Amino acid sequence: MTHFLAAVCVVGFFLHGITKSTLRHSEFQLEGDYLLGGLFDIHYVSSPPFQNRPEAIDCSREIFILPNYRRFQLMRFTVEEINNSTTLLPNITLGYELFDHCSDTRSFPEIFKLISVNGFIQPWSEPSKNLSKVIALIGAFTSTQSLSVAPFFMVDHIPMVSYGSSVSVFSEKHKYPSFLRTVHPNQDTIDVIVMILQHFNWHWVAFLNSDNDFGIDGLEMFIKRIKSTDICLAYAKALSENMDHSLIFKQIEEQKINVIVVFAPKIYAEAVIRTAVQLNINNKVWVADDGWSLNKKLPKMAGIRNIGTVLGVAQPVVTIPGFDDFIHFTEGQALKADAEQQTLCNQVCNCRNLTARDVVAADPSFSFPVYSAVHAVARALHNILKCEPGRCNNTISVQPCMTNILVSAEEKTPHNMMLTPPYFTIMC
């Protein structure tokens, strides 16, 4: 523990030097009365290299993921919408500090930046003293990312509102007291998948899951759920990157399995389906989880129609008024921001060839959860500041743990869209 605290303090001195630099125009930063943190894996590290010592990573050099960039832009849009509202936080502005969180294990400088106080990180003796300016974190997206990041925010009960982390352990509030999410846990998704299998009387199935926290939790939930049913798990296999999928399909064919559940992120699922097409796997039933059920790349793949029928569970896709206009209006700003000097690593997109049309047309999965997460925090702050028509009481001292008092399920957004985040109360 002593070594850990010493390392954190060293990083604190490093951050202190960075924060003195002048903030320039950037998509990743916005000043405001209250600050939100945001983690979006705009890029993806496919194969982390072996290292003899811990090193940060330059995410902009990695694989670009368009749907995740879309979610990043959606948070920016939502904050702007709230700042322009005359009813929600009327005389208060929200700011943000966003980061490209492309690695589960090497993207920690941004975490230290978010929880630092005046550029330093120290184990304060009084939890309410010298708190970070961040009142809540939006993110992370994947379950593994959130599991890695959460302990840093749970210490001071800084709310983490994830828009994609669904593993079951986050429901254990004694472990994750200030963790919330605007997506269903894996248990709910598995329940729906089992209902689909039972509805069509499919009893002999294969289950392919990603070899990470999300996929392993999904497999465990599936095995528990089918114990009291007639469904038989004839084959199960964990998927890893760059693996040979041909052996999987050989074993599935030997078992005469026609129904395949793929419970994995889109990158894993795309690799499996691509191999199925190449091997001319025909007339199967594929059941997708919400991570790839609305994938826009797969329907365009040559030969995709031969693999059979694809059914899936999906997060609700809600059209968010004004978002398309926002993207077209800010299209040129991304290029200008990229040319500016970044103030901290992983705050640059490096996506100069991207058009507004590309962003608008990208996979809309998990868009509304991002929108809901930002609105939930804003409405909590609205209540804390005792906002009335036209004004809020900005003399009230806001501590991060106070924003765990979230909106109820009956609350609606300015566009009459229902917000349904989990909510609870923690006393500071």
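These questions and answers cover two strand regions and a helix in a predicted model.

Reader: Is strand β2 enclosed or open to the outside?
Author: Take β2 as residues 34-40. Buried here means under 20% relative accessible area. Seven of the seven residues meet that mark, so β2 is largely enclosed.

Reader: Which residues of β2 lie on each side?
Author: Both faces of the strand are covered. One side holds Y34, L36, G38 and F40, all buried. The other side, also buried, holds L35, G37 and L39.

Reader: Which residue in β5 is the bridge partner of L36?
Author: Strand β5 covers residues 94-100. It pairs with β2 in the parallel sense, over seven bridges. Within β5, L36 is partnered by Y96.

Reader: Which residue in β6 is the bridge partner of L35?
Author: Strand β6 covers residues 134-138. Its pairing with β2 is parallel and has four bridges. For L35, the partner in β6 is V134.

Reader: In what order do the five strands of the open sheet run?
Author: The pairing in this sheet is parallel. Its edge strands are β10 and β13, each pairing on one side only. Neighbouring strands are turned by 20° against each other on average, direction ignored. The order is β10-β9-β11-β12-β13.

Reader: Which residue of β11 does V205 stand opposite?
Author: β9 and β11 run parallel. Five bridges join them. Opposite V205, in β11, stands V259.

Reader: What angle does α7 make with β10?
Author: α7 packs on the sheet. It touches β9, β10, β11 and β12. Its direction and that of β10 make an angle of about 175°.

Reader: At what angle does α8 run to β12?
Author: α8 lies across β9, β10, β11 and β12. Against β12, its angle is about 170°.

Reader: How far apart are the end C-alpha atoms of α8?
Author: The helix has 13 residues, 266-278. At 1.5 Å a residue it should span 18 Å. The model agrees, because the end C-alpha atoms are 18 Å apart.

Reader: What covers the buried residues of α8?
Author: The buried residues include Y268, A269, V272, I273 and A276. E270 and T275 are also among them. Their cover includes β9, β10, α7, β11 and β12.

Reader: Which residue just after α8 takes a positive phi?
Author: α8 ends at residue 278. Just after the helix, a phi of about 60° appears. The residue that takes it is N280.

Terms used: Residues numbered from 1 in each chain as written. Predicted model: local features only at pLDDT ≥ 70, side-chain atom pairs only at ≥ 80, totals over all residues. Heavy atoms only, no water. Buried < 20%, exposed > 50% of the residue type's maximum accessible area, 1.4 Å probe, protein only. Helix = DSSP H or I, 4+ residues; strand = E, 2+ residues; numbered from the N terminus. Pairing = 2+ DSSP bridges. Expected span 1.5 Å × (residues − 1). Contact = heavy atoms within 4.5 Å. Axes fitted to C-alpha atoms, helices over the stretch in contact; angles between N-to-C directions.
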